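Hi,

Here is the structure I promised to pass along. Have a look at it first, and then read on for what turned up in it.

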Amino acid sequence: MKISASFLSSNYNLEDTIKYLDNSSIDFIHVDFMDNTFVPYESLSLKDLEVLKKSKKDLDVHLMVNNPLKYLSFFSKLNTKYLTFHYEAVNNHLEIIDKIKKANIKVGIAINPETAVNVLNPYLDLIDLVLIMSVEPGRGGQQFISNIPTKIDELRKLDKKILISVDGGINKDTIKLVNTDIVVVGSYICKSNNFEERINSLRS
Ligand code: DX5
Ligand code: ZN
């Protein structure tokens, strides 16, 4: 299981957080980006996020926006491995998938806690990753929603090879409930004063 660290609710400034994450054993940095369209919040600006250019880690970008293509060129200039948009946020899924692929980035679709996995049926063969939200998108530090493990198992039955990631409320206890390829972990790592100790407790 790979760990993707979200810095959305980090206790430290972005530059220090990136430095600590770069020196840690996490697999990816999870970048939550919001522009007050799909969710009523704004994350750090693109200008702020430019500091990610210094990071050695692969980026796992989670766009909580209504127009993901607006940000494609920015994220294609960073070390973006996965670019994930929300199923609920758009109407032009196929066009978005196509344009992300043409930028040589792997494509993910995220689904909100109340969205059924079978809406993904038309897209599973075209994408690389499904991000299952285990909290409502928008904020770190929320509680893991208990019916999500069943949903993960349903998706695994639908598609044996797609990468599955889960995002929200993951800590050393809830990680045991999810059978995914990637876990996104925010506050459990970035609100701690010893990132590596938390990462080790997730892996054990
Ligand atoms: C929520 C974000 C998450 C969030 C996870 O909208 O997508 O990535 O930062 O934070 P925790 O792990 O604190 O739930
Ligand atoms: Zn996220």
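**Strand 1 and its neighbours**

Let me start with strand 1, residues 2-6, which is mostly covered, with four of its five residues buried. Please keep in mind throughout that this is a predicted model.

Which strands does strand 1 pair with? One partner is strand 8 (residues 182-185), joined to strand 1 by four bridges in the parallel sense. If you want to find that pairing on screen, look for Lys2, whose bridge partner in strand 8 is Ile182. The other pairing to look at is with strand 2 (residues 28-34), which runs parallel to strand 1 and is joined to it by three bridges. Here Ser4 has Phe28 as its bridge partner, and Ala5 stands opposite Ile29. To get from strand 1 to strand 2, the chain passes through helix 1 (residues 14-22), and this β-α-β crossover is right-handed.

**Going on around the sheet**

Next comes strand 3, which pairs with strand 2 in the parallel sense over seven bridges. Ile29 is a handy landmark again, as Leu59 of strand 3 stands opposite this residue. Strand 3 is also mostly covered, since six of its seven residues count as buried. Strand 3 then pairs with strand 4 (residues 80-86), again in the parallel sense, through five bridges. In that pairing, Leu63 and Phe85 of strand 4 stand opposite each other.

Put together, what do the strands form? They make a closed barrel of eight strands in the order 1-2-3-4-5-6-7-8, with parallel pairing. From one strand to the next, the twist averages 25°.

**The zinc site**

Now for the metal. Which residues hold the zinc ion (ligand 2)? Its protein donors are His30 through NE2, Asp32 through OD, His62 through ND1 and Asp167 through OD, at 2.0 to 2.3 Å from the ion. The site has six donor atoms, with angles of 71 to 169° among them, and is octahedral. Along the sequence, the donor residues follow the spacing H-x1-D-x29-H-x104-D. Asp32 belongs to strand 2 and His62 to strand 3 (residues 58-64), so this pair ties together parts that are 30 residues apart in sequence.

Are those two donors buried or exposed? Asp32 has 8% relative accessibility and therefore counts as buried. His62 also counts as buried, because its relative accessibility is 0%. The cut-off behind both statements is that buried means under 20% relative accessible area.

**The chain as a whole**

Stepping back, the protein chain has seven helices and eight strands. Along its principal axes, the C-alpha trace spans about 45 × 35 × 30 Å. How does the radius of gyration fit with a compact globule? For 204 residues, such a globule would have a value near 17 Å, and the protein chain has 16 Å, so the two agree. Of the 204 residues, 53% count as buried.

If you would like a short route through the model, begin at Lys2 and its partner Ile182, step over to Ile29 opposite Ala5, and finish at the zinc ion with its donors, including His30 and Asp167.

Happy looking, and all the best!

Key. Residues numbered from 1 in each chain as written. Chains lettered and ligands numbered in written order. Predicted model: local features only at pLDDT ≥ 70, side-chain atom pairs only at ≥ 80, totals over all residues. Heavy atoms only, no water. Buried < 20%, exposed > 50% of the residue type's maximum accessible area, 1.4 Å probe, protein only. Helix = DSSP H or I, 4+ residues; strand = E, 2+ residues; numbered from the N terminus. Pairing = 2+ DSSP bridges. Right-handed = clockwise from strand over helix to strand, strands pointing away. Donors = N, O, S within 2.8 Å, 3.2 Å for Na, K, Ca; no water. Tetrahedral: all angles 85-135°; square planar, octahedral: opposite > 155°, others 65-115°. Axes fitted to C-alpha atoms, helices over the stretch in contact; angles between N-to-C directions. Rg over C-alpha atoms; globule rule 2.2 N^0.38 Å.
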